[in-house]
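Reader: I've got the sequence and the model open side by side. Can you walk me through how the chains fit together?

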Amino acid sequence: MASSKAARMGEEVWKTRTEKINLEVLTLTYGTLVSQLTHDLRDPATNIPDYAAINTELDRMGHSIGLRLIEDFLAKTSSAGPAPCNNFRETAEMIAKVGFKIFLNVTPRVENWDKEGRSFGLVFEEMPVSEFVELPDDGRAQEELWFLNLFCGVVKGALEMVQMQVKAEWVSDVLRGDDTTEMRVTLIRYIEDEMPPDDE
Amino acid sequence: MPSMVGPPPDVPPKEPPYTAILPAKPFHSRLHSPSSRKTIYDRNLNRTQTTPTSLPSFAYLFNTLITYHHSKSGSVSEIETRLNRAGYPIGIKLLDLLLYRQARAAVRPTRIIDLLQFVHTTLWRALFGRAADALEQGVSNKNEYMIFDNEPVVNTYLSVPKEMSQLNCAAFVAGILEGVCDAAGFGMEGVTAHWASASGGTGGAEGEGNKEEEMWPGKTIFLLRFGEVAMRREEAFKAGGG
Amino acid sequence: MSYYFTIIGTRDNPLFELDFGTSKVGGDGVARFREEAKYMNQFIVHAALDVVEEVQWTNKEMYLKRIDSFQNNHVHCFLTGGNVKFMLLMNPDPTATTYSAYPTSQPSRPSTARQSTTLLAASPNSQATEEAVRAFMLEVYENWVKCIMNPFYQVNQVVTSPVFRNRVATAAKKYL
């Protein structure tokens, strides 16, 4: 129920309230950013990219995007009716069907809930940002680099601004030879609000 | 390869230092692909040609890129050079992607005018969904051409600190142009992005600002400076009546 | 017919190489170059690069057709927008009897294919050959563009992808 409402909201905001740009401009820019990091962040001894450091840097960049993006998200969705965001399950639907829809024009599936309902997977059937990417054939990138790690940071940063501390990490990526591309999002805690939830 | 005018010393070169490597035979790839066998070679190059995505998302990402290069730079000109270098490889890729998409109609731009047309129209449409606003030859220097964009989309949603108001982040687009032109074999002296108005992108033309400046505060001029080899080749063509 | 295909970077550096024989008219797809011919092939292609440089600014086409010949070797060239050169050397083995030595029990092919490839084997500068090579080059070009679109691919980097190699081999099988 929350799912179809979120889907409708996502569609509407995407169609009527989102300025567009050619997807390829975004994907090429993202590619250039990650490839820059593989140049800059290298192990000085071996001159091999430090993929762990690149993951961290992408995550950090995404986090700071998330902190700012949430305002835009709330502004765009508020006029499309009240957000069905009363529990973590509804939050998951909002991230998948509204958040990713309006900011990336993709809709991941929400799957693989844990028993407690505190952790779910976002499964991406397609990921335009990595459409033309092949990781370096150095025997390490496919084991160590999460090309899309910026997006984990975005999810974390955005949820933090609405009082949710979450862990977000990729657990599989077709770029690594996996069969799926899945981000795992786990609720750590609700940040005790200084503001009551209904406060405008 | 002609060098840019005074790039800061620690800015990466256009290409990594070249070392001739012959493919080791037999080369054993260590890459694995998913069981669906989807690799980049299975994708359709035309699929995402006109797919839209969110402009704000691009703006967030582009801001991130600028912040990153800002953090590594000591001056406005160094940020611009770094943004140019970030765009440069994109230009190299786009030249062939766009030619591929023209299929049988594709011809290589071999003359300066063909190349400028390609940039002004084909490249601009692919990136920004419209042609650039104008194309002019420089008055004082024969090797200079200017492409005008009244409202570069890369400067929308961009908040550049006041003290850096001269910074024009369209330097990134200038880098894309330089990549296209260099790849096509025109050995550029450089491609740079400049504000059309003295007040920069702030739109804060004081007092009697002229109409044009008010209407297009972000108007940007891309200055393309062709290298000597390309100029000599062009002269030879003209002399040969071609 | 035996082929040597190579991709040459903007600094005349080889980025990719592949030998193959015709798969048409019962060919087994294996190149029949003798040992010393392998060095000669590189040499002949390299010499042909000078011809490419002479015409690359006067001919706007990407496919430059047959640009050079040396003894029984013929070199076709396709030039990308980024001035990377696809060079295809073909050598119809002078001892044409080689072809008839192959088993004749190969799966039958459509008659048009057989016809065009008979021509292909017979005359490297015929119209049919030019068109077959064009089709081959365009298919390689498509894969080349996919290869360079990768943000991790840098100009003049050697192409090691086995998938790319397979794609070139497949195109060779299909058209040559």
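Reader: Let's start with a single pairing: which residue in β1(B) is the bridge partner of Lys20(A)?
Author: This is a predicted model, where local features need pLDDT of at least 70, side-chain atom pairs count only at pLDDT 80 or more, and totals for chains, interfaces and linings use all residues. Residues are numbered from 1 along each chain as its sequence is written, with chains lettered from A and ligands numbered from 1 in the order in which they are written. Helices (H or I, at least four residues) and strands (E, at least two) are DSSP runs, numbered from the N terminus. Within β1(B), Lys20(A) has as its bridge partner Ser54(B).

Reader: And in which sense do β1(A) and β1(B) pair?
Author: Strands pair if DSSP finds at least two bridges between them. Here β1(A) and β1(B), residues 52-54, are joined over three bridges. Their sense is antiparallel.

Reader: Which element gives the most to the side of chain A that touches chain B?
Author: Two residues are in contact if their C-beta atoms, placed from the backbone, lie within 7 Å. The contact takes 36 residues from chain A and 33 residues from chain B. Elements giving two or more residues to chain A's side are β1 (20-22), α2 (23-40), α3 (51-78) and α4 (88-104). The one giving the most, with eleven residues, is α2(A).

Reader: How many residues on the side of chain B that touches chain C are nonpolar?
Author: That contact takes 29 residues from chain B and 32 residues from chain C, and helix α2 (residues 76-101) of chain B gives the most to chain B's side, with seven residues. For the classes, Ala, Val, Leu, Ile, Met, Phe, Trp, Tyr, Cys and Pro count as nonpolar, Asp, Glu, Lys and Arg as charged, and the others, Gly among them, as polar. Chain B's side has four polar and six charged residues, and its nonpolar count is 19.

Reader: What pattern does chain B follow along the sequence?
Author: Chain B has six helices and five strands. Read from the start of the sequence, they follow β-α-α-α-β-β-α-β-α-β-α.

Reader: Where in chain C is the pLDDT below 50?
Author: pLDDT is the predictor's confidence in each residue, from 0 to 100. Chain C has a mean of 83, and 82% of its residues reach 70 or more. Where pLDDT is low, the predicted coordinates should not be read in detail. The stretch below 50 has 22 contacts in the model beyond near neighbours in sequence, and it covers residues 94-119 of chain C.
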